[in-house]
Amino acid sequence: MSAPVSSDGYQVESSAINTNQHATNPSALLDASGRQPPASSTGAAEFASQPISDSLTSDEQEKLEAAKKLVIDNLRYEPDFPIPGIKFIDILPIFQNPIAFGSLLDVLVLLIRERFGSKIPDVIIGLEARGFLFGPSLALRLNRPFVPIRKKGKMPGACRTVQYAKEYGTDEFQVQTSAIKPGQQCLIVDDIIATGGTAAAAGKLVELSEANIMGYLFMIDIINLKGTALLGDKPIITLVEHNEEE
């Protein structure tokens, strides 16, 4: 029996019991949105840092710029992966460099404070799979819980489910029903926002949990794909921007 379809086009199940599924999902080999990034003829130099607010001190601004440079310098490009003609953006070298990883967390904490002031998210929510690489560490820095959102069938117990459209076909995201409490302020994090479908689906799961979307945080925004348009008027924090058309 299919789940009901909400007025905004998402198919939802308010509570469902998973069966264990261990099939490998090919989309985990692509970018964080399950999309194959188009080919690009240039490298990390085309990433542009977002402007820094005057609300930070000069020392904090300097720390932000240094951390952004470390992130950019540690990005790696893999040509013809996962298929010919695709230039894959690999963030994994950041996590192989403790100094770069530590600086990444430092700057993300500063950007959160810059955007929200003294307000700290109640929960950090990370998207499968690469939101798990830095989401738990960021939550620990903020002394907040981390909640994973995963593909359907990968978590035990009762889960809320949202079906979302991909470039080809559909997929489903789940969160455990006990993980997000009603009224909590949630910050949704992932490595890259491309077409925006996965981030929007995560936001829907937060709303189904009767919690609030405080905002979204991404390491990289592929701006020419306009994925942030799917996220409404919620605050969006990105560390660097990339335009594949330049």
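1. Helix 1 passes helix 3 in a left-handed crossing, meaning that the near helix is turned anticlockwise from the far one by less than a right angle; clockwise would be right-handed. Both helices are DSSP runs (H or I, at least four residues; strands are E, at least two), numbered from the N terminus. The model is predicted: local features need pLDDT of at least 70 and side-chain atom pairs count only at pLDDT 80 or more, while totals for chains, interfaces and linings use all residues. Residues are numbered from 1 along each chain as its sequence is written, and side-chain values use heavy atoms, with hydrogens and water left out.

2. Helix 1 covers residues 58-73 and helix 3 residues 98-116; they pack at about 135° with their axes 9 Å apart. Axes are lines fitted to C-alpha atoms, for helices over the stretch in contact, and angles run from 0 to 180 degrees between N-to-C directions. The two helices are therefore oblique to each other (under 35 degrees is roughly parallel, over 145 roughly antiparallel, 65 to 115 roughly perpendicular, the rest oblique).

3. On the helix 1 side, the residues that meet helix 3 are Glu60, Lys63, Leu64, Ala67, Leu70 and Val71. Their partners in helix 3 are Ile99, Ala100, Ser103, Leu104, Asp106, Val107, Leu110, Leu111 and Arg113; contact means heavy atoms within 4.5 Å. By class, this contact has 10 nonpolar, one polar and four charged residues. Ala, Val, Leu, Ile, Met, Phe, Trp, Tyr, Cys and Pro count as nonpolar, Asp, Glu, Lys and Arg as charged, and the others, Gly among them, as polar.

4. The whole structure has four aromatic pairs. Rings of Phe, Tyr and Trp (its six-membered ring) pair if their centres lie within 6.5 Å; planes under 30 degrees apart are stacked, over 60 edge-to-face, and the rest tilted. One of the pairs is Tyr164 with Phe173, whose centres are 5.2 Å apart and whose planes stand at 45°, so the pair is tilted. Tyr164 is buried at 3% relative accessibility and Phe173 at 0% (buried is under 20% relative accessible area, exposed over 50%, partly exposed in between; 1.4 Å probe, protein chains only).

5. Tyr216 and Phe218 form a stacked pair, 6.3 Å centre to centre with 10° between the planes. Tyr216 is buried at 3%, and Phe218 is buried at 1%.

6. Ala179 sits in the loop between strand 8 (170-176) and strand 9 (185-193). Ala179 is partly exposed, at 22% relative accessible area. Apart from neighbours within four places in sequence, Ala179 contacts Val147 and Gln184. Its C-alpha atom is 9.4 Å from that of Pro145, 34 residues away along the chain.
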